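Reader: Could you take a close look at one part of this model, and then set that part in the context of the whole chain? I would welcome a careful, connected account.

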Amino acid sequence: MTHALVFLLALAGFGCLALAMERHQRDLLKRALAAASSRRLRIAGTSMLMLGFALCVAARGLGLGLAQFSGHTSVAAGLLVAAMAFHLRPRT
């Protein structure tokens, strides 16, 4: 259960961090968000990643928890990058 929760937290956290960037806002939303909204997205994304890290360390200890967290964040970031690249590719 910890694996699924940490993976979803990492995916949502990276999604929030991506949407906090003006370039991704323009690409995905077709407009830029207000500075306060971007700040809230950064805080939410960072909080989700920190919570996922804390869950991994609490469940497995520092050594294995850090390895588990690293694996989940790597897969989540790769999936998010692939999804954004697929979504933003030129249509012919």
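Author: Arg-23 and Asp-27 are 4 residues apart in helix H2, and are therefore separated by about one helical turn; helices here are DSSP runs of H or I with at least four residues, strands are runs of E with at least two, and both are numbered from the N terminus. The model is a predicted one, in which local features need pLDDT of at least 70 and side-chain atom pairs count only at pLDDT 80 or more, while totals for chains, interfaces and linings use all residues. Residues are numbered from 1 along each chain as its sequence is written, and side-chain values use heavy atoms, with hydrogens and water left out.

The part to look at closely is helix H2, which covers residues 22-29. The side chains of Arg-23 and Asp-27 meet in a salt bridge with an N to O distance of 3.8 Å, where a salt bridge is a side-chain nitrogen of Lys or Arg within 4 Å of a carboxyl oxygen of Asp or Glu. Arg-23 counts as exposed because its relative accessibility is 62%, whereas Asp-27, at 25%, counts as partly exposed; buried means under 20% relative accessible area, exposed means over 50%, and partly exposed lies in between, with a 1.4 Å probe and protein chains only.

A salt bridge also joins the side chains of Arg-26 and Glu-22, at 3.0 Å from N to O. Arg-26 and Glu-22 both lie in helix H2, 4 residues apart, which is about one turn of the helix. Arg-26 has a relative accessibility of 45% and so counts as partly exposed, and Glu-22, at 46%, likewise counts as partly exposed. By the rule given above, the count of salt bridges comes to 2.

Leu-28 is placed in helix H2 as well, and its 28% relative accessibility is why it counts as partly exposed. Leaving out residues up to four places away in sequence, Leu-28 touches Leu-19, Met-84, His-87 and Leu-88, contact meaning heavy atoms within 4.5 Å. Between the C-alpha atoms of Leu-28 and Gly-13, which are 15 residues apart along the chain, the separation is 17 Å.

Following the chain onward, one comes to Lys-30 in the loop between H2 and H3. Lys-30 has a positive phi of about 65° although it is not a glycine, and with 67% relative accessibility it therefore counts as exposed.

Next comes helix H3, in which Ala-36 has its place. Ala-36 counts as partly exposed because its relative accessibility is 30%. Ala-36 and Arg-23 are 13 residues apart in sequence, and their C-alpha atoms are 16 Å apart in space. Ser-38, also in helix H3, has only 8% relative accessibility and so counts as buried. When neighbours within four places in sequence are left aside, the contacts of Ser-38 are Ala-20, Gln-25 and Leu-33.

Helix H3 as a whole runs over residues 35-88, and its 54 residues end with C-alpha atoms only 24 Å apart, short of the 80 Å that a straight helix would reach at 1.5 Å a residue; the expected span is 1.5 Å times one less than the number of residues. A kink of about 130° in H3 is centred on Gly-61, the bend at a residue being the angle between axes fitted to the seven residues ending there and the seven starting there.

Phe-53, Leu-62 and Leu-66 form a nonpolar surface patch with about 280 Å² of accessible area together. Patches are made of residues with over 30% relative accessible area and no salt bridge, joined within 9 Å for like charges and within 5 Å for nonpolar side chains (Val, Leu, Ile, Met, Phe, Trp, Tyr). Leu-66 is in helix H3, and counts as partly exposed because of its 45% relative accessibility.

Across the whole chain there are 3 helices and 0 strands, and the C-alpha trace spans about 45 × 35 × 20 Å along its principal axes. Of the 92 residues, 26% count as buried, and of the contacts with a separation of 6 or more, 67% are between residues 24 or more positions apart. The accessible surface comes to about 6000 Å², 71% of it belonging to carbon and sulfur atoms; such areas come from the Shrake-Rupley method with a 1.4 Å probe, and for residues only the protein chains shown count as cover.
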